[in-house]
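Here's a quick tour of a two-chain model. Have the structure open and follow along.

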Amino acid sequence: MAFLEHFKVLVVDDTTTSRILITDALQEMGIRKIAIAKDGEQALRAMMEQPAHMVISDFNMPKLDGLQLLKAIRSYGPTRTTPFILLTGKGDRKLLESAVALGVNNFLTKPFTTPALKKAIEAIVGVLK
Amino acid sequence: MTLVAKSHRVTVMRGEYHVVHEGDVVLTTILGSCVAACIRDPYAQAGGMNHFLLPGNNVRQSLDAQSYGVHLMELLVNGLLQRGAHRHRLEAKLFGGARTIEGLSDIGAMNAEFAETFLRNEGISIVGGDLGGDRGRRVEYWPLTGRARQVMLSGDKGFVAPVSPRQPPVAQSGGSVEFF
């Protein structure tokens, strides 16, 4: 319980409805601290001001896309190792290869289910309880 | 996604979306309880249509069902943005969401409600369309002009829903109406 009380996740997506759905899913898992950003630029600012313990980010976004955000987060000292889950469209192999090269921790193909999201998070931080 | 540059008719099947950026193209689909969102940016000369049916019959409580719908809406919107459209200029017409099967929960209404909520959340204005009723529709959409036309399909099952959440603007069987 102590872990879930302090574990903070930053959700980054330019689609409002997606942000709402992901936030709802995270809350269903017991995650209480959730920050949201509507593009990569806003997310980067948030990570520099009040870093989260994990970033869940869409790829296709204005200003900074998911890959550019990942690159920026990896090159900023305090967030260099922050777990990063990338949300992508179907069959984008090149994108995944680039993400892996930049140090992505996990990825999910849209549309995904709540259990799949939970599994992706747990693969990085262990069982949520 | 299919990008269309020539002048012709494209059928959008369930689970698909098409974006058009030039040419005299008409997008067409047949809808029962499914919903088609027709979205365009009148200044960028880009428009498109998707066609979705949320899985399951308890969409309101299912994040996963909504996730599927959001994905198809996102694909269409992102396809438009990639062709020079601006989010704040997008305008939508929604069609479908009929209650075509008696006795089951009103899946059509749930699909319609989802689409309306999505567009409201994203700040995309709804400028026309027709949702609900108890009959299927054939919809044609000219994405570059925004013109839309629907033909109500005659009720072959003879089913009339006891309570229809929204009445279609055309009462006559097999009639067609244009939505500008």
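What follows looks at the sheet in chain A, then a helix end, then the place where the chains meet. Keep in mind that this is a predicted model.

Let's start with the sheet. Chain A has an open sheet of five strands, paired in parallel and ordered β2-β1-β3-β4-β5. At its edges sit β2 (33-37) and β5 (106-109) of chain A, each pairing on one side only. On average, neighbouring strands here are turned by 20° against each other, direction ignored. Strand β4 (residues 84-88) of chain A runs parallel to β5(A), and four bridges join the two. If you want a spot to zoom in on, A:Leu86 has A:Phe107 in β5(A) as its bridge partner.

Now for α6 of chain A, residues 114-125. This helix has 12 residues and spans 16 Å from first C-alpha to last, close to the 16 Å expected at 1.5 Å a residue. Just after α6(A) comes A:Gly126, with a positive phi of about 90°.

On to the interface, where 14 residues of chain A are in contact with 12 residues of chain B. On the chain A side, α2(A) gives the most, with seven residues.

Here is how the classes work out:

| Set of residues | Nonpolar | Polar | Charged |
|---|---|---|---|
| Side of chain A that touches chain B | five residues | seven residues | two residues |
| Contact of α2(A) with α2(B) | two residues | three residues | one residue |

Helix α2 (residues 16-28) of chain A packs against helix α2 (residues 107-122) of chain B at about 110°, with the axes 8 Å apart. α2(A) and α2(B) are therefore roughly perpendicular to each other. In this contact, A:Thr16, A:Thr17 and A:Ile20 of α2(A) meet B:Phe118, B:Asn121 and B:Glu122 of α2(B).

Conventions. Residues are numbered from 1 along each chain as its sequence is written. Chains are lettered from A and ligands numbered from 1 in the order in which they are written. This is a predicted model: local features need pLDDT of at least 70, side-chain atom pairs count only at pLDDT 80 or more; totals for chains, interfaces and linings use all residues. The expected span of a helix is 1.5 Å times one less than its number of residues. Axes are lines fitted to C-alpha atoms, for helices over the stretch in contact, and angles run from 0 to 180 degrees between N-to-C directions. Angles under 35 degrees count as roughly parallel, over 145 as roughly antiparallel, 65 to 115 as roughly perpendicular and the rest as oblique. Two residues are in contact if their C-beta atoms, placed from the backbone, lie within 7 Å. Ala, Val, Leu, Ile, Met, Phe, Trp, Tyr, Cys and Pro count as nonpolar, Asp, Glu, Lys and Arg as charged, and the others, Gly among them, as polar. Two strands pair if DSSP finds at least two bridges between them.
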